[in-house]
Amino acid sequence: MKSLAIIGSQWGDEGKGKITDLLSQKCDVVVRFQGGNNAGHTIIVEDRKIVLHLIPSGILHDHCVSVVGHGVVFDPEAFKTELEDVLSNGIEVNSNKLRISGNASVITMYNKIIDAQREAKGPVKIGTTGKGIGPAYEDKISRKGIKLKDLLDKDVLISKLKGSLSEKEHLLEHLYKVEYPSVEEEASRLFELGQMIKPFICDTFSFLDHAVKEGKKILFEGAQGILLDIDYGSYPFVTSSSTSYGGIFTGAGMPSGKVDEVLGITKAYTTRVGEGPFPTELFSEVGEFIQKKGGEFGATTGRKRRCGWLDLPLLKYAVKCSSLTSIALTKVDVLSGMDELKVCKSYRYNGEEIDCAYPGIDLSKVEPIFTDVAPFNDDFKGELSDNLNAYIEMIEKELGIPVSILAFGPERSEIKFRKEFF
Ligand code: IMP
């Protein structure tokens with residue numbers, strides 16, 4: 001196998017970071033293709049905790065090239081902070097190891113202010129991470145965006161910022177009534193940051209093309225999850241990028257036209273941060289128990305994650321949306337020792353029973369139909385119990401793909417590979 005995509009198959013926070021870190025040790029190139037610093041991967045390196053938001057996990061390994069593709073929205077200031085953190089942890093970063101597309105879209109200060117104002121004052125609260133992600137993608141799609149390469153030429157930057165601000169200033173002044181930097185101030189700030197980023201900027205598309213031709217092993221590191229995808233997700237409570245498999249082709253480019261395998265990272269239960277419908281959400285003590293035992297707090301915002309039972313109609317849908325070839329089942333230990341265990345196998349929706357979601361389904365109107373499954377109580381020191389094996393087999397049968405990785409803790413020894421990757 002030469003290429004692998006790691007995709008979150010639920011609402012993000014499935015534990016992609018640890019598995020990406022382990023698999024990136026075996027590959028030559030790690031690529032981010034969508035999202036921005038709304039993501040958060042916590043990685044422990046020799047007892048030190050490093051949280052990566054924007055820089056691909058490959059940065060931790062000297063043999064690996066980390067690529068930020070053009071589909072990413074890039075906050076130069078957040079990058080500076082993260083780079084300083086990585087460097088202060090003794091990790092080497094240079095322009096061979098880190099390559100950032102000059103065509104990536106920049107998150108401006110205006111984008112960040114609008115994100116915060118909309119969340120505070122707008123008619124629909126999405127519960128965003130407040131990083132300016134949505135407004136930056138809006139600028140890109142409306143053809144008013146600033147590209148990273150624009151940061152290198154102050155005149156171009158000023159002219160593009162003027163174009164980008166022309167409609168926004170009405171919003172900022174009259175609707176939100178907030179202060180915002182002038183074009184000159186924003187241009188100076190971004191230009192200065194651009195000088196720091198300049199060594200890393202390159203044509204990542206051609207770099208990947210060469211890497212494929214040279215037979216390099218490539219890992220695509222997805223951020224968020226399929227249910228947050230702008231097209232496939234629970235719209236409007238989604239992020240603004242293509243978080244699923246298709247995002248790779250538009251957000252990075254894959255010259256061979258396909259990725260060999262797609263691994264869907266799947267928590268053994270379901271969590272969600274931010275607003276939006278969540279069919280299997282638990283409002284009981286059981287939900288609180290899972291939240292506490294699972295340490296379910298967002299890595300980027302520190303918010304408590306909402307918790308619920310495993311939702312198979314959503315997972316079956318995720319398998320289809322992202323052509324998943326197998327799943328990694330994570331945080332299985334959190335469910336161990338519980339008195340009861342349920343999974344949702346189908347929904348009642350518009351008077352019918354359906355077993356798979358689809359784009360545009362109104363998740364606030366589905367009624368989950370739960371099935372009791374035999375609880376398991378494993379310490380994961382030896383063989384898996386019959387009940388846990390039955391839980392895994394049930395998931396494999398329902399989804400039609402294997403569980404290729406089982407994770408029952410954050411340590412390397414607690415992540416069992418049931419199949420060889422790379
Ligand atoms: P945004 O990406 O900041 O615009 O937020 C849009 C929605 O996506 C909100 O519900 C966020 O909570 C959610 N979201 C964004 N990034 C992540 C992530 O990395 N993990 C989980 N949820 C996320």
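**Two helix pairs and a buried alanine**

Hi everyone, let's begin with helix H3, residues 109-121. At 1.5 Å a residue, its 13 residues should span 18 Å, and the end C-alpha atoms are indeed 18 Å apart, so the expectation and the model agree. Please keep in mind that this is a predicted model.

Now, which residues of H3 are buried? They are Tyr110, Asn111, Lys112, Ile113, Ile114, Asp115, Gln117 and Glu119. As for what lies over them, the cover includes strand S8 (105-106) along with three helices: H4 (133-141), H5 (154-175) and H6 (183-197).

Let's stay with one of those partners, H4. A quick reminder for anyone new to this: two packed helices are described by the angle between their axes and the distance between the axes. For H3 and H4, the angle is about 125 degrees and the axes are 7 Å apart. That angle makes H3 oblique to H4. The crossing of this pair is right-handed.

Who meets whom here? On the H3 side we have Asn111, Ile114, Asp115 and Arg118, and they meet Ile133, Pro135, Ala136, Glu138 and Asp139 of H4. Sorted by type, the residues of this contact come out as four nonpolar, one polar and four charged. If you look back at the buried list, Asn111, Ile114 and Asp115 appear there too.

Next stop, a single residue: Ala39. You'll find Ala39 in the loop between strand S2 (29-32) and strand S3 (41-45). Is Ala39 buried or exposed? Its relative accessibility is 8%, and the cut-off for buried is under 20%, so Ala39 counts as buried.

What does Ala39 touch, once we leave aside its neighbours within four places in sequence? The contacts are Arg32, Leu52, His53, Ala223, Gln224 and Thr300. Take Leu52 from that list: Leu52 and Ala39 are 13 residues apart along the chain, and their C-alpha atoms are separated by 7.9 Å.

Let me finish with a second helix pair, H10 (residues 312-321) and H12 (residues 386-399). Their axes come within 9 Å and cross at roughly 55 degrees. H10 and H12 are therefore oblique to each other, and their crossing is right-handed. In this contact, Leu312, Leu315, Lys316 and Val319 from H10 meet Met394, Glu398 and Leu399 from H12. By type, that gives five nonpolar residues, no polar ones and two charged.

So, to put the pairs side by side: H3 and H4 cross in a right-handed way, and H10 and H12 have a right-handed crossing as well. Thanks for listening!

How values were computed. Residues numbered from 1 in each chain as written. Predicted model: local features only at pLDDT ≥ 70, side-chain atom pairs only at ≥ 80, totals over all residues. Heavy atoms only, no water. Helix = DSSP H or I, 4+ residues; strand = E, 2+ residues; numbered from the N terminus. Expected span 1.5 Å × (residues − 1). Buried < 20%, exposed > 50% of the residue type's maximum accessible area, 1.4 Å probe, protein only. Contact = heavy atoms within 4.5 Å. Axes fitted to C-alpha atoms, helices over the stretch in contact; angles between N-to-C directions. Parallel < 35°, antiparallel > 145°, perpendicular 65-115°, else oblique. Left-handed = near helix turned anticlockwise from the far one by under 90°. Nonpolar A, V, L, I, M, F, W, Y, C, P; charged D, E, K, R; others polar.
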